[in-house]
Amino acid sequence: MRIGVFVCHCGSNIAGTVDVVSVAEASKMFPDVVYATDEVYTCSEPGQKAIQDAVREHRLDGVVVASCSPRMHENTFRRAIEKAGLNRYMLEMANIREHVSWIGKDKEKNTFKSTELVHMAVEKLRRNQPLVPKTFEIDKTVLVVGGGVAGIQAALDCADGGLDVILVERESSIGGKMAKLDKTFPTVDCSTCILGPKMVDVAQHPNITLMTSSEVDEVNGYVGNFEVTIRRKATYVNNDLCTGCGLCSAKCPSKKALDKFNEGVGQTTAINIPFPQAIPKKAAIDPEYCIKFTKGKCGVCAKVCPTGAVNYEQQDELKTVKVGAVIAATGYSLFDHTRLEQYGGGRYPDVVTSLQYERMLSASGPTGGHIKRPSNGEEPKNIVFIQCVGSRDKSIDRPYCSGFCCMYTAKQAILTKDHLPDSQSYVFYMDIRAPGKLYDEFTRRAMEEYGARYVRGRVSMVYPKDGKLMVRGADTLAGTQMEVDADLVVLAVGAEAETGAPQLAEKLRISYDKYGFFLEGHPKLRPVETNTAGVFLAGSCQGPKDIPSSVGQGSAAAAKVLALFAKDMLESDPAVAEVNQRRCVGCLKCVRTCPFGAIKEIEARDGSTKAEVIDTVCQGCGICSVTCPHGAIQLKHFTDNQILAEVDALCLSWMDENYA
Amino acid sequence: MPVMDGRELRIVGFLCNWCSYGGADTAGVARFDQPTDLRIVRLPCTGRMDPLFVIKALLSGADGVLVSGCHPRDCHYSEGNFYARRRLEVLKQFLPVTGIDPERFEYTWVSASEGQKWQEVVTKFTERIHTLGPAPVIADAAERLKAANLG
């Protein structure tokens, strides 16, 4: 074999703490290495060309690139050597940037370590085999999980592109958080007026199947061929019969049910349609408050329903669908404001969350758009907004900035003045984060035109006094303490990962961070992809996002799916398991351990039982290789011999005192 | 890190591609300083991790072996790390029988976002191996490797 080694400077990223010239020089002593050099930027066009020229000139049949992580550029270099006529699997990478130059400053040790990593890569490459991918058919249906604005946008774009879309939403209506907003920043557009038509489009689009009150139960399969089980939770109303007339909720005697859509501001009936613009406009029963369920007697809604849609016996239904790709758009949840006791949330009725306040501002909300103190129904005069409640706070494990709270607080301060011209708003803030088109101008308007008083400082406590709430805080710019007698306190709660997000991630086999937000393929270059092929992200499930970013990501994810489905067949990764039929004794342990059902039982010509791998189904995890008692099943590209050769390269040389 | 001064020891890491290898990358991108002793072998999944690889490394002269994968329930291949956990737990019980100090082997779970955790894991494990010192030479290692079909 003739191997070429290319050691990358990566500007000064590697060359700053690794003597790359010596690494290249030392590489020449490894077996089969006939050519070694260093390049300033191997991934650049001249760098790739240098590899291709060397392959031709030195008749190389394998290439080692010592540079960044293979998770970063393996595909880049695979394509490069392929263009030079080599099989793409005749490449190995030594990760001397993320695993060497960036984590230590001792140049001598780094250089030695880099050389050893090249040695490992060379020994593995010597045992590599050319591999050729196979193609398989795909199901061009896409599953969108979550019917907030990101999911809606993704579903509409995919459907407009001609794909069949299944949109799954946990609640009884789509719309998500945006449907709860009164207005949007920085245009003070009416939220429902811009979201509503999109929701209607979803309901009317011939390519979209909408499944509300539904959740993903189980996910099997792989890109192009996922099999997803969806659980439709019992709503005790037959959606095919319900016309959304609302007679049931008008007659429902249980009128003190928790109004989830209105964030608990006001109460609703046990059977209800969450809001007037709901899509689909179907009633659902909340069994926690329904008298029929709690006491066993009632049944009023069933009696008054003109179409007989109410069914107390309804059970959860499971439905299995086949899809080729999944877009996760599950959104976010709000920080539990009662956790920060100093603000009195949950203790004093006049301390509300920003989303509760939003419902009060909304003309279709429980107060009809009138701002009232929950304690006595009077109009408030002094309103205090406290920012960063559950954001940028290490002590409660929420060190991140939620991004949109500064902006919605400015919007709420402006709307407050519109609603109550005699009111005075105070905003306690840490820093104002308004990086967006017209965003900073908007916060300025809140201060200058609408007279909101911005106080830079944290609030230490909120306590009741003479029917008011005293807000005590610091004004760090003036260097003084200040106290405001507030009638209403609004807590700008931050974003958290949606409840159940980690569980969904585990089903989809994607990663999530410690806060429960889904992990993108690359923070800069693959923001809507995940490391699991065929699974994409949109909106706040990946991290807190405002509406334009969520919509943008929804469209971006849709574009990724459309690009994926532009091909009729997909190529499978050829680094899959393979059974050596002569060594296989037909115990079929591998068949039982394979998580993908990729190994089947066959009958050999002599009538004996053997195992065989279905190439296009195998995902290349290698569990079977370790399970096989006879070493008969090997994962290509990661065979026992290849891994042990790497171990040998590390250990045996180490024992040789003359080495290095 | 005073124990890390002077000569490096031989530590082999087996990391799954999707979580821990990514976590090690994240640690690198964030420039989290780490001891230089560890060399990483990339595997698709810890489910690919044959316990014999550990034995092979330790009999061949490694001073320590560290295996790291995705957190349980978060495996890219659904259940590879469950197999790994069971196999490696058995290995841990079994190592003293082979005459190898089980302290020289550890397995852990680090996700792709946990760069800081990776730094801690590497630093702690390297410190542990340096406290143990270089592994004693096993006289009949070659024969044992042959017996295990690893020669």
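This tour goes through a predicted model in four stops, from the whole of chain A to a single residue of chain B.

**Stop 1: chain A as a whole**

Select chain A and show its secondary structure. The chain has 18 helices and 34 strands. Switch to a C-alpha trace and turn the view to the principal axes, along which chain A spans about 85 × 70 × 40 Å. Colour by accessibility next: of the 660 residues in chain A, 58% are buried. For contacts with a sequence separation of 6 or more, 69% in chain A join residues that are 24 or more positions apart.

**Stop 2: a helix pair in chain A**

Stay in chain A and select residues 354-361, which form helix α11, and residues 405-419, which form helix α12. Their axes lie 11 Å apart and make an angle of about 35°. The crossing of α11(A) and α12(A) is left-handed.

Now show side chains. On the α11(A) side the contact consists of A:S354, A:Y357, A:E358 and A:L361. Facing them, α12(A) contributes A:Y408, A:K411, A:Q412, A:L415, A:T416 and A:H419. Sorted by class, this contact holds 4 nonpolar, 4 polar and 2 charged residues.

**Stop 3: the largest cavity**

Turn on a cavity display for the whole structure. There are 11 cavities of 30 Å³ or more. Which residues lie nearest the centre of the largest cavity? Select A:M93, A:E646, B:Y21, B:I40 and B:R42 to find them. The lining comprises 27 residues, and the cavity holds about 320 Å³ of space.

Both chains supply elements that give two or more residues to this lining. To display them, select the following:

- in chain A, α3 (70-83), β4 (91-95) and α5 (107-125);
- in chain B, α1 (20-29), β2 (38-43) and α4 (115-132).

Colour the lining by residue class: 16 of its residues are nonpolar, 4 are polar and 7 are charged.

**Stop 4: a loop residue in chain B**

Keep α4 of chain B in view and move to the loop between α4 and α5 (141-147) of that chain, where B:P136 is found. Is B:P136 buried or exposed? Its relative accessibility is 62%, so B:P136 counts as exposed, the cut-off being over 50%.

Finally, add B:D50 to the selection and draw a C-alpha to C-alpha distance to B:P136, which comes to 23 Å. In sequence, B:P136 and B:D50 are 86 residues apart.

Terms used:
Residues are numbered from 1 along each chain as its sequence is written. Chains are lettered from A and ligands numbered from 1 in the order in which they are written. This is a predicted model: local features need pLDDT of at least 70, side-chain atom pairs count only at pLDDT 80 or more; totals for chains, interfaces and linings use all residues. Side-chain values use heavy atoms; hydrogens and water are left out. Axes are lines fitted to C-alpha atoms, for helices over the stretch in contact, and angles run from 0 to 180 degrees between N-to-C directions. Helices (H or I, at least four residues) and strands (E, at least two) are DSSP runs, numbered from the N terminus. A crossing is left-handed if the near helix is turned anticlockwise from the far one by less than a right angle, and right-handed if clockwise. Contact means heavy atoms within 4.5 Å. Ala, Val, Leu, Ile, Met, Phe, Trp, Tyr, Cys and Pro count as nonpolar, Asp, Glu, Lys and Arg as charged, and the others, Gly among them, as polar. On a 1 Å grid over the protein atoms alone, a cavity is a set of points where a 1.4 Å probe fits but cannot get out, and a pocket is an open set with protein on both sides within 12 Å along at least five of seven lines; lining residues have an atom within 4 Å of a point. Grid points are joined across faces, edges and corners, and a volume is the space filled by probe spheres set on the points. Buried means under 20% relative accessible area, exposed over 50%, partly exposed in between (1.4 Å probe, protein chains only).
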